[in-house]
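Student: I am new to this structure and would like to take a close look at one part of it. Could you take me through that part slowly, and then show me how it fits into the rest?

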Amino acid sequence: MAKTNETTEILGTEELETVATVEVETFAPGQSNVDNMVDTLPYMGKGMLGILIVTVIIIACVALLNKTTSPKKKQD
């Protein structure tokens, strides 16, 4: 509480209310957060698609290497 009183004396009552209002507006959840998330969805989709493509390529390479380098079975 002492810290709040010191701030009030230094800034004044009107300035302190303005600072508090700015902080509330900055951290209040609103439509702009949803809009920003929707705007970033294409980037996230491209990233996930890239990860999927690389994973499929790695699996195909491992399968191909297993097929070509596996020891031949003897037929009796």
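Tutor: Let us begin with Thr68, which is exposed because its relative accessible area is 52%, a value over the 50% that sets the limit for that word. This is a predicted model, and in it Thr68 has its place in helix H3. A polar atom of the Thr68 side chain lies 3.4 Å from the backbone oxygen of Leu65.

Helix H3, which covers residues 31-69, also holds Met37, and Met37 joins Val34, Val38, Leu41, Met44 and Met48 in making a nonpolar surface patch of about 560 Å². For the protein, the accessible surface comes to about 7,400 Å², and 66% of that surface belongs to carbon and sulfur atoms. Of its 76 residues, 0% count as buried.

Turning to the overall layout, the protein has three helices and zero strands, so that along the sequence the pattern reads α-α-α.

As for how far the model can be trusted, confidence is highest in H3, with a mean pLDDT of 93, whereas helix H1 (residues 2-11) has the lowest, with a mean of 51. The average pLDDT of the protein is 75, and 58% of the residues score at least 70. Over residues 1-5 the pLDDT stays under 50, and for these residues the model has zero contacts beyond four places in sequence. Where pLDDT is low, the predicted coordinates should not be read in detail.

How values were computed
Residues are numbered from 1 along each chain as its sequence is written. This is a predicted model: local features need pLDDT of at least 70, side-chain atom pairs count only at pLDDT 80 or more; totals for chains, interfaces and linings use all residues. Side-chain values use heavy atoms; hydrogens and water are left out. Patches are made of residues with over 30% relative accessible area and no salt bridge: like charges are joined within 9 Å, nonpolar side chains (Val, Leu, Ile, Met, Phe, Trp, Tyr) within 5 Å. Accessible areas come from the Shrake-Rupley method with a 1.4 Å probe; for residues, only the protein chains shown count as cover. A salt bridge is a side-chain nitrogen of Lys or Arg within 4 Å of a carboxyl oxygen of Asp or Glu. Helices (H or I, at least four residues) and strands (E, at least two) are DSSP runs, numbered from the N terminus. pLDDT is the predictor's confidence in each residue, from 0 to 100. Contact means heavy atoms within 4.5 Å. Buried means under 20% relative accessible area, exposed over 50%, partly exposed in between (1.4 Å probe, protein chains only). A polar contact is a pair of N or O atoms within 3.5 Å; within protein, one must be able to donate a hydrogen and the other to accept it, and residues adjacent in sequence count only if both atoms are side-chain atoms.
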